[in-house]
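This report describes one chain of a structure, sheet by sheet, and then its contact with a second chain. The sequence and structure come first.

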Amino acid sequence: MAVVDTSTDIPASAEARAKTHIRPPSIRWSVVGDHAILIFGALFMMLPVLFALITSTHEAITIHKEGLQWLPGGEMVDTYSAVMFQQSGFTGNITGMTMLTNSFILGIGFALGKIAISMIAAYAIVYFRFPFATLAFWVIFTTLLLPLEVRILPSYEIVHAMGLTNTYTGLIVPLIASATGTFFFRQYYKSIPDEMLEAARIDGAGPVKFFFDILLPLSRTMIAAIFIIMFVFGWNQYLWPTLITTDEGYFTLVRGIRQILQVWLGSNIPQYGQAMALAILAMLPPVMVVVFFQRWFVKGLTESDK
Amino acid sequence: MGTVSIRNVNKDYGNGVLAVNDVSLSIDDGEFIVLVGPSGCGKSTLLRMVAGLETITQGEIAIGDRIVNDVDPAKRDIAMVFQNYALYPHMTVRRNMAYGLTNRKMDKAEINRRVGEAAAILRLEDYLDRKPRQLSGGQRQRVAMGRAIVREPAAFLFDEPLSNLDAKLRVDMRGEIKQLQRRLGTTSIYVTHDQMEAMTLADKLVVLNAGRIEQFGTPLELFNSPASLFVASFIGSPEMNLFDVQGTGNGAVRFGDADVKHGLGKAVSGTVKLGVRPHSVVPAKGRAAKHGQLAVSHVEELGVERLIHGTVNGQRCTLAVPAGYEVSDQVSLHIPTDAIHLFDNETGRRL
């Protein structure tokens, strides 16, 4: 993308100006080709979202008659305010706002919980010598192979037996053990030179002090990177919230979309516009988080500032 | 009191080899001791045992008159400078230096005074609020030393602190460390594999080989009368020439077809090693006895002098001559009696 024909730039010096005069403007087909591919790729990714956004600004009746819309309609404010604030559902006391809040609680709790647990687990594995430490690591590591779906029934049984269905605790806590996070933090800690720990020991920092004074600040970028991944991952959880929440007050956006649409089938025409709007809303926060933290994210994965 | 005594210390990593083997060393207050040896000789291990970062398998280590075998590194009253500096990247220079003191719950004003003082000594005043990554290698090294200085410890421990610097800076920093140590008068133990660094810095030098002390003494003692073949070849640059010669039993050794007087005051027999430094072998001139013919292979030009490499009687030999000396294919050598070191061929000990 950085390759742009420089003849359009304002030359910085007389010499540069002379140069641009001599060189005839030429079309570099490889650049055009690259851009064509990139633009096609971008459109491929963006168009469905764009259609959803545009379509969500039309009335349900229009959508029902004419299908997906190419041009923005005039119902945007109505649709979105209805989705956000209009009470609906079986109990009639759930709004888009409630679901959005729940999603945030799940996403943030999920991400922070995973970070806290995996940081501490990795700290133990890397810095403490205890029997079967390596075994412990590999046991944790192999659970990477077992997705949530494999253990979902026993997990549900336990959470149910503990009476934690329809609570935020039940929604978040069973999910926060993270092999991925532990693995990432382990690798990161291992890349921190041993001398750092030794210097801290000589400086009189015990295990707790070392963790909070040295390790935690050093892991900032890593934490940010993992936060992004985990927030999006948590936000998009569908199966677990579906199982664990029956009370609409605990519905998350991702879980709510389908439910809400079904309920609204009570009128003659499905509220396509509102469903689209809800989908857009459900997508927005993860996108914002990624855009906002992107710099940190890249830094966390590439930087070695030690 | 900054004395350090190491008494019959062993380190066993459980692999059948003693990394440190029965080392005893007594260091006086204010002395600058350099531990030198090839990689894997146990010098770093020994230093880290003094620091408390490695456990002591056997023997004891005392700092001052307190035995510290089971004392936490932080409570040993030592400060350490690491090869890779080990500065805390997220803290400013000031906080890096103050961290150890803050952890000791020292008075704020006292911390500021000490950090200010150390920064002045190390010319770091303008950098106190910077992060380590904004500093050059030499400056980072100085911060690492500042962190040690503010502690005002009984002993400084240096673990190859200059290895990460480029050659020129290393020489500069070497001078700075020496001056600093003189000025503060703090007992220091310094580990390096660079014999030049060791020679220039040390009050006393410890040459370690395979976990054992080969020799302990002043740099000149080690240079002038190396106790073993190992020390002889390790100390001094270019390396000492070592020849296989036959003892004749009459105050001389047979080298090729020449007899070389060794002046040892006792007879030597059998095969022994004759050591002579490149600067001591001289081209035979006038009436000086010729002890061999050097077949020259190549010449290194160093500016102040030239190093002539070649073989004598089929054995490798290096000769250092003044810059102006004209080199031909063959050089007659004279080995002065007072420059000769003889070593037992079996044990490697000095005869």
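## Strands β11 and β12

In this predicted model, strand β11 (residues 241-248) of chain B and strand β12 (residues 252-255) of chain B run antiparallel and are joined by two bridges. Within this pair, B:Gly247 has B:Val253 of β12(B) opposite it.

Both strands belong to an open sheet of five strands, with the order β13-β12-β11-β14-β20 (chain B) and antiparallel pairing. At its edges are β13 (258-261) and β20 (341-344) of chain B, each of which pairs on one side only. On average, neighbouring strands of this sheet are turned by 45° against each other, direction ignored.

## The six-stranded sheet

Chain B also has an open sheet of six strands, in which the pairing is mixed and the order is β6-β7-β8-β3-β9-β10 (chain B). Its edge strands are β6 (78-81) and β10 (212-217) of chain B; each has a single partner strand, so one side of each has no neighbour in the sheet. Here the average turn between neighbouring strands is 15°, direction ignored.

## Edge strand β6

The partner of β6(B) is strand β7 (residues 155-159) of chain B, and the two pair in the parallel sense over four bridges. B:Ala79 has B:Phe156 of β7(B) as its bridge partner, and B:Val81 stands opposite B:Phe158 in β7(B).

In a regular strand, side chains alternate between the two faces of the sheet. Are the faces of β6(B) covered or uncovered? Both are covered: B:Ile78 and B:Met80 lie on one side, B:Ala79 and B:Val81 on the other, and all of these are buried.

## Helices α4 and α2

Helix α4 (residues 137-149) of chain B packs on the six-stranded sheet. This helix touches β6 and β7 of chain B, and its direction makes about 175° with that of β6(B).

A second helix, α2 (residues 93-103) of chain B, meets α4(B): their axes come within 8 Å and cross at roughly 30°. Angles under 35 degrees count as roughly parallel, and α2(B) and α4(B) are therefore roughly parallel to each other. Their crossing is right-handed. On the α2(B) side the contact is made by B:Val93, B:Asn96, B:Met97 and B:Gly100, and on the α4(B) side by B:Val143, B:Gly146 and B:Arg147. Sorted by class, these residues are three nonpolar, three polar and one charged.

## Contact with chain A

Chain B contributes 17 residues to its contact with chain A, and chain A contributes 16 residues. On the side of chain B that touches chain A, β6 and α2 of chain B each supply at least two residues. The largest share of that side, three residues, comes from α2(B). By class, the side of chain B that touches chain A has 11 nonpolar, four polar and two charged residues.

Two elements described above thus return here. The edge strand β6(B), with its single partner strand, and the helix α2(B), whose axis crosses that of α4(B), both supply residues to the side that touches chain A.

## Chain B as a whole

The secondary structure of chain B amounts to eight helices and 20 strands. Its C-alpha trace spans about 75 × 45 × 35 Å along the principal axes.

Chain B has 351 residues, of which 40% count as buried. Among the contacts in chain B with a separation of 6 or more, 63% are between residues 24 or more positions apart.

How values were computed. Residues are numbered from 1 along each chain as its sequence is written. Chains are lettered from A and ligands numbered from 1 in the order in which they are written. This is a predicted model: local features need pLDDT of at least 70, side-chain atom pairs count only at pLDDT 80 or more; totals for chains, interfaces and linings use all residues. Two strands pair if DSSP finds at least two bridges between them. Axes are lines fitted to C-alpha atoms, for helices over the stretch in contact, and angles run from 0 to 180 degrees between N-to-C directions. Two residues are in contact if their C-beta atoms, placed from the backbone, lie within 7 Å. Angles under 35 degrees count as roughly parallel, over 145 as roughly antiparallel, 65 to 115 as roughly perpendicular and the rest as oblique. A crossing is left-handed if the near helix is turned anticlockwise from the far one by less than a right angle, and right-handed if clockwise. Ala, Val, Leu, Ile, Met, Phe, Trp, Tyr, Cys and Pro count as nonpolar, Asp, Glu, Lys and Arg as charged, and the others, Gly among them, as polar. A residue is buried if 20 or more other C-beta atoms lie within 10 Å of its own, exposed if 12 or fewer, and partly exposed in between; C-beta atoms are placed from the backbone.
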